[in-house]
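Here is my note on the model you sent round, set out as numbered points. Please read it with the coordinates open.

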Amino acid sequence: MLDVHTKPHWTLDDLDFSRIDIDKARGDDTLFYLACSASFIESGSDLYTRNLIDYFEGDDEVAGWLRSQWEPEELQHGSALRAYVEHVWPDFDWQPAYDAFLAEYATYCKVELLAPTRGLEMSARCVVETGTATYYKALARFTREPVFHDLATRIAADEVNHYKHFYRYYRRYRAQERLGRMRVFGTVARRTLELKSEDADCAIRHIAPARAPSQGHDPQYLRKVSQDLNRVIRTNLEVGPTLKMLMRPLELPPRVQAAMQVPVAQFMQKVFLR
């Protein structure tokens, strides 16, 4: 039997779009914005993947994994989400809206935004994968549409697996760079505060004019859409598993970790709920 590391990765053919309740899904505006904004962000993942591959040039194990597994899987997430959006909302012209989004989004993906050392960047990647896994788990808990639930669950599982890879690489670099816990904590804290980044709002700004032409440029409408999506994450957030993933790179003694559970949980609530 193939183990978890060697079994074939899922494909778009594994998604049974015939199971979608089209009438119910098509009328759900929140589901549309959740699926479409995620499809935009995931489809642009090759921008920051290239930055990471360049950053880890010379480390064949890391660069090879980024190139052969991480980037294809991230792009597959985008393709699957796009296919879902175009199947349920065929009147939405995905490509032009995405092209406009990508022109702005590319300005956010800069090499100079990476952490100052490879080990610290790996700890930052653990935070990012924690955020994406948490996000898709929340989407899976939110939706009553079975195919989107299946898709969000698959993506969440991929993100957890990506986290495991980044954490393993982080431990190697931490030993090589002799990273102190306070330096790692600083990076983890900064990246956690950045989890609610401009990515989703950028996507919404470019989706809304095509989705709702009469309201798409209205700041009040855009703010309401953003608040609705944030509410979905807020009400479906699983704090416990998120905290464990987030705190793992700090490798705190058990007593210290137990003492920090409450303040870190409060901090996470502010990050995800603001």
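1. A residue is called exposed when its relative accessible area is over 50%, and buried when that value is under 20%. The model is a predicted one, and K24 is a convenient residue on which to apply the cut-off: its relative accessibility is 60%, so K24 counts as exposed.

2. As to where K24 sits, the residue belongs to helix α1, which runs over residues 22-26. Although K24 and R144 are separated by 120 residues in sequence, their C-alpha atoms lie 9.6 Å apart in space.

3. That pair may be read beside the contact statistics for the protein as a whole. Among contacts with a separation of 6 or more, 85% are made by residues that stand 24 or more positions apart.

4. Turning to secondary structure, the protein contains twelve helices and zero strands, and the order along the sequence is accordingly written α-α-α-α-α-α-α-α-α-α-α-α.

5. On overall dimensions, the radius of gyration of the protein is 19 Å, and this agrees with the value near 19 Å that would be expected of a compact globule, because the chain has 274 residues. The box filled by the C-alpha atoms, taken along the principal axes, is roughly 55 × 40 × 40 Å.

6. How much of the protein counts as buried? Of its 274 residues, the share is 48%. The accessible surface comes to about 13,600 Å², and carbon and sulfur atoms account for 54% of that surface.

7. For the charged side chains, the protein has 36 that are positive and 39 that are negative, and the centres of these two sets lie 10 Å apart.

8. The cysteines deserve a separate check. A disulfide is a covalent bond between the sulfur atoms of two cysteines; with a cut-off of 2.5 Å between the sulfur atoms, the count for this model comes to zero disulfides. C36 is in no disulfide, and the cysteine sulfur nearest to its own, that of C202, is 12 Å away.

9. Why does C202 not form a bond with the closest cysteine sulfur? The closest one is in C109, and because the sulfur of C202 is 9.5 Å from it, the pair is too far apart for a bond.

10. Finally, are C36 and C202 buried or exposed? C36 has a relative accessible area of 0% and is therefore buried, and C202, at 0% relative accessibility, counts as buried too. K24, at 60%, counts as exposed by contrast.

Methods: Residues numbered from 1 in each chain as written. Predicted model: local features only at pLDDT ≥ 70, side-chain atom pairs only at ≥ 80, totals over all residues. Heavy atoms only, no water. Helix = DSSP H or I, 4+ residues; strand = E, 2+ residues; numbered from the N terminus. Rg over C-alpha atoms; globule rule 2.2 N^0.38 Å. Buried < 20%, exposed > 50% of the residue type's maximum accessible area, 1.4 Å probe, protein only. Contact = heavy atoms within 4.5 Å. Areas by Shrake-Rupley, 256 points an atom, 1.4 Å probe, with all protein chains shown as cover. Lys, Arg positive; Asp, Glu negative; His and termini not counted. Charge placed at Lys NZ, Arg CZ, Asp CG, Glu CD.
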